[in-house]
Amino acid sequence: MARRLWAARASEIGPGERIRLELGGLELGIFRLSDGFFALEDKCPHQQGPVCSGNLFREITATVAEDGRVRERYARDEADVVACPMHGWEFEIRTGECLANRRRKVQRFPVEVDGEDLYVILPGG
Amino acid sequence: MGYRGMHVVDADAHYLEEIRDFAKYLKGPSVERFADWSGQYHMPALVGEQYDVMLHGRTVRGAAGGKGDQDEMLGMSSPADIPVVMKRFGIDTIVMIPTYMLMVEFVRNANHAMDICNGYIDYMLDGVCAPEEGIYTLVVAAGRDPVRAAKMIDRVAGSPAVCGVEMLGSVELPLGAEAYNPIYEAAQHHGLPIVLHANFLGPDLSSFAKFPSFVESHALDMTWCNQVQLVSMVMEGVPERFPDLKIVFQESGITWVAGLMYRLDTEYMRRRVEAPLLRKLPSEYIKDFYFGTQPMEDMPRKHLKMFFEMLDAENTFIYASDWPHFDYDEPSAVADLPFLSDAGRRKIMGENALGVFRFTEKTVNLEVSA
């Protein structure tokens, strides 16, 4: 049975910022991006590092241009990728997926906004 | 012919040209460089020749029908030798690798290097290859001049005896560089694979390890240079840039690949930002490459089986003899491995190569093995 737990006031987290907290026995990070709030477990799937304390970056991608040259660019104009400070594994905050290997993920939890209040939906305890 | 009813392709057997015959095919100012030829070699001497690669008489090659002299030991030295060797080993299709051309990247003058490449392929096509008998060759592309190399590929790609493009592990700029795009474009356009043949570019040519014996130099350098090129081609995205290009690594054995595969995955997971063109793990690109089996490492069978599994051998390995070098492998060295399935055995011994190289003639034993 899922648990809906109050986590924070929305105003505590500014645009592009995150908070880290303990909730329901888990270490979490709640990030505020341009389209809402996203919660990740603060545990990297690699070596259990505090991924939610990492710096945020824009995703760098590359394509092959018509002239055969490789062109690098930002995938989106928003720093919505967090890099684990231990080894640099990069995760998409919205999905928890590792950019280098989408099969490797940080556990992601739904966030519900109710007025000024943020609730995180955790698995049953 | 064939071996145990299978169509056998030997993806790497060596040919050593008679230097005066080859010189007739040179054009332009390079002719003058050979007109007064008085030495033994037309390009820098084979690295490692300060050693006796044939072990001071401990290995002998005359049994294949050749003369058994030093030239025979470095490569089949006349076109008549080739069918003799094919018959002895049961080889249906053979790819003749020009031994001296392995050194072409050490020729520092780009014009000279390209003249040699052009002359050599003309020589091979005119007098050595016979696709109707299953005898093919690779057109060697010098990395010093990718534009001219691409024009050469375009010029000879129509020949039914050309089954691929060879590049050397000793190029100065690693092969992931965009500078080589003209060569890759030409190869991809003509449906020819790029074949990376190992040679001596490693610690023995560097400043930090001057080995006193061939056994040390050969053991390390021949894998080292292919490791350099594999890392460069994967991490700089050659498979993404040229998705239809097939890539073959030869003459480094197979065990080096597995360790590098997982080492690159580990690096990439941490430093993806430096290789943003990649769409999957380095190991997944590597399993899209092909690997010549020779020299198959001697090791306990249970461990060799694990390497075959890690590298998806039945879909990625290609039998190669490297005849007549001291470390050549008989077809039985691969075909008789007990852990192979019958289907996998057929693929490694011939069918994988038939799908990778551009062989133009009918392959006689496929009906037998089907």
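In strand β4 of chain A, Glu41(A) is the bridge partner of Leu28(A), and that pair is a handy place to start walking through this predicted model. Leu28(A) belongs to strand β3, residues 26-33 of chain A, and β3 pairs with β4, residues 36-41, in the antiparallel sense over 6 bridges. Zoom out a little and you'll see that β3 and β4 sit in an open sheet of 4 strands, ordered β2-β3-β4-β10, with antiparallel pairing. The edges of this sheet are β2 (18-23) and β10 (108-109) of chain A, each of which pairs on one side only. If you're tracing side chains along any of this, keep in mind that in a regular strand they alternate between the two faces of the sheet.

Chain A has another open sheet to look at, this one with 3 strands in the order β1-β12-β11, again with antiparallel pairing. Its edge strands are β1 (3-9) and β11 (111-114), and each of them has a pairing partner on one side only. Going from one strand to the next, the twist averages 30°. Follow β11(A) into β12(A), residues 117-122, and you find antiparallel pairing over 4 bridges. To pin that down on screen, click on Val113(A): its bridge partner in β12(A) is Leu118(A).

One more strand pair in chain A is worth a stop. Strands β6 (residues 60-64) and β7 (residues 70-74) pair in the antiparallel sense, with 5 bridges between them. One of the bridge pairs joins Ile60(A) to Tyr74(A) in β7(A). Together β6(A) and β7(A) make a hairpin, with 5 residues between the two strands. Have a look at Gly68(A) in the turn, where phi is positive, at about 85°.

Now over to chain B, where helix packing takes up most of the tour. How far can you trust what you see there? The average pLDDT of chain B is 86, and 82% of its residues score at least 70. Two stretches call for some care, though. Over residues 65-71 of chain B the pLDDT stays under 50, and the model has 12 contacts beyond four places in sequence for them. Residues 364-370 of chain B also stay under 50, with 17 such contacts in the model.

With that in mind, on to the helices. Two packed helices are described by the angle between their axes and the distance between the axes. Take α5 (residues 110-128) and α6 (residues 146-156) of chain B: they pack at an angle of about 15°, and their axes are 10 Å apart. Angles under 35 degrees count as roughly parallel, and α5(B) and α6(B) are therefore roughly parallel to each other. Their crossing is right-handed. Which residues do the touching? On the α5(B) side they include Met114(B), Cys117(B), Ile121(B) and Leu125(B), while α6(B) brings in, among others, Arg148(B), Met152(B) and Arg155(B). Sorted by class, this contact has 8 nonpolar, 2 polar and 4 charged residues.

Helix α6(B) also packs against α7, residues 181-190 of chain B: the two axes come within 8 Å and cross at roughly 15°. That makes α6(B) roughly parallel to α7(B). Here too the crossing is right-handed. Among the residues that meet are Val147(B), Ala150(B) and Ile153(B) from α6(B), and Pro182(B), Ile183(B) and Ala186(B) from α7(B). The class count for this contact comes to 8 nonpolar, 1 polar and 1 charged.

Further along chain B, α8 (residues 214-235) packs with α10 (residues 255-271) at an angle of about 35°, their axes 11 Å apart. This crossing is right-handed as well. From α8(B) the contact includes Thr223(B), Leu230(B) and Met235(B), and from α10(B) it takes in Trp256(B), Leu260(B), Leu264(B) and Tyr268(B). No charged residues take part in the contact of α8(B) with α10(B): the split is 7 nonpolar and 3 polar.

Last stop: Tyr3(B), which lies in the segment before β1 (9-15) of chain B. Its C-alpha atom is 8.8 Å from that of Met349(B), although the two residues are 346 residues apart along the chain. Leaving out residues up to four places away in sequence, Tyr3(B) touches Val8(B), Gly90(B), Pro331(B), Ser332(B), Ala335(B) and Asp336(B).

Notes. Residues numbered from 1 in each chain as written. Chains lettered and ligands numbered in written order. Predicted model: local features only at pLDDT ≥ 70, side-chain atom pairs only at ≥ 80, totals over all residues. Heavy atoms only, no water. Pairing = 2+ DSSP bridges. pLDDT = per-residue confidence, 0-100. Contact = heavy atoms within 4.5 Å. Axes fitted to C-alpha atoms, helices over the stretch in contact; angles between N-to-C directions. Parallel < 35°, antiparallel > 145°, perpendicular 65-115°, else oblique. Left-handed = near helix turned anticlockwise from the far one by under 90°. Nonpolar A, V, L, I, M, F, W, Y, C, P; charged D, E, K, R; others polar.
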